[in-house]
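Hi there,

Here is the structure I promised to pass on to you. Please open it alongside this email, and my notes follow below.

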Amino acid sequence: VLLHGEQIADYPEEFPFPSGLFLGTVMGRALHVVAGLDRENATIYIISVYETDSEHFEADHRTRRRRQ
């Protein structure tokens, strides 16, 4: 997902490192990966990985559904 996916959100003010939300497909499944970047040490930290679903996201897997 980080190599071939798309960054769909940017969180530059996150602590302790700037992070982003990435969307990609693995074996036909849409996944979100939240990762932080420690530029000083050239290290990427995977914060979370989860499969998107139609209950929480629109069909584009980018737009969160509003709670009613």
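Where along the chain does histidine 61 lie? Histidine 61 is in the segment after β4. I will come back to that residue, but let me start with the overall picture, and please keep in mind that this is a predicted model.

The overall picture

The protein chain has 4 strands and 0 helices, so the order from the N terminus is written β-β-β-β. Taken along the principal axes, the C-alpha atoms fill a box of roughly 40 × 30 × 15 Å. There are 68 residues in the protein chain, and 24% of them count as buried. The accessible surface is about 5500 Å², with 51% of it belonging to carbon and sulfur atoms.

As for contacts between residues at least 6 apart in sequence, 19% of them join residues at least 24 apart. On the charge side, the protein chain holds 7 positive and 11 negative charges, and the mean positions of the two groups are 7 Å apart.

The largest pocket

The largest pocket holds about 200 Å³ of space. Three strands each supply at least two residues of its lining: β1 (6–11), β2 (19–26) and β3 (29–38). Among the lining residues are Leu2, Gln7, Asp10, Phe22, Leu37, Arg39 and Ile44.

Proline 18 also lines this pocket, and its place is in the loop between β1 and β2. With a relative accessibility of 37%, proline 18 counts as partly exposed, because that value falls between the 20% and 50% limits. Not counting residues up to four places away in sequence, proline 18 touches Tyr11, Pro12, Ala35, Gly36 and Leu37. Of these partners, Ala35, Gly36 and Leu37 are also named in the pocket lining. Proline 18 and alanine 35 are 17 residues apart along the chain, and their C-alpha atoms are separated by 8.5 Å.

Backbone points to look at

The loop between β1 and β2 also contains proline 16. The peptide bond leading into proline 16 from phenylalanine 15 is cis, with omega near 10°.

Two residues that are not glycines have a positive phi. One is alanine 42, at about 50°, which sits in the loop between β3 and β4 (43–51). Is alanine 42 buried or exposed? Its relative accessibility is 70%, over the 50% limit, and therefore alanine 42 counts as exposed.

The other is histidine 61, with a phi of about 65°. Histidine 61 has a relative accessible area of 29%, so it is classed as partly exposed.

Around the segment after β4

Which residues does isoleucine 8 contact, leaving aside neighbours within four places in sequence? They are Leu21, Phe22, Leu23, His32, His61 and Arg62, so histidine 61 comes back here as a partner of a residue in strand β1. Isoleucine 8 counts as partly exposed at 24% relative accessibility. Glycine 24 is 16 residues from isoleucine 8 in sequence, and the C-alpha to C-alpha distance between them is 10.0 Å.

Phenylalanine 57 lies in the segment after β4 as well. At 5% relative accessibility, phenylalanine 57 is under the 20% limit and therefore counts as buried. Leaving aside neighbours within four places in sequence, phenylalanine 57 is in contact with His32, Tyr50, Thr52, Arg62, Thr63, Arg64 and Arg65. His32 and Arg62 are named among the contacts of phenylalanine 57 and also among those of isoleucine 8.

Aspartate 53 is another residue of the segment after β4. Aspartate 53 counts as partly exposed, at 33% relative accessibility. Its C-alpha atom is separated by 9.8 Å from that of arginine 64, which is 11 residues away along the chain.

If you have a moment, the spots I would enjoy hearing your thoughts on are the cis bond into proline 16 and the contacts of phenylalanine 57.

Best wishes

Methods. Residues are numbered from 1 along each chain as its sequence is written. This is a predicted model: local features need pLDDT of at least 70, side-chain atom pairs count only at pLDDT 80 or more; totals for chains, interfaces and linings use all residues. Side-chain values use heavy atoms; hydrogens and water are left out. Buried means under 20% relative accessible area, exposed over 50%, partly exposed in between (1.4 Å probe, protein chains only). Contact means heavy atoms within 4.5 Å. Accessible areas come from the Shrake-Rupley method with a 1.4 Å probe; for residues, only the protein chains shown count as cover. Lys and Arg count as positive and Asp and Glu as negative; His and the chain ends are not counted. The place of a charge is taken as NZ of Lys, CZ of Arg, CG of Asp or CD of Glu. On a 1 Å grid over the protein atoms alone, a cavity is a set of points where a 1.4 Å probe fits but cannot get out, and a pocket is an open set with protein on both sides within 12 Å along at least five of seven lines; lining residues have an atom within 4 Å of a point. Grid points are joined across faces, edges and corners, and a volume is the space filled by probe spheres set on the points.
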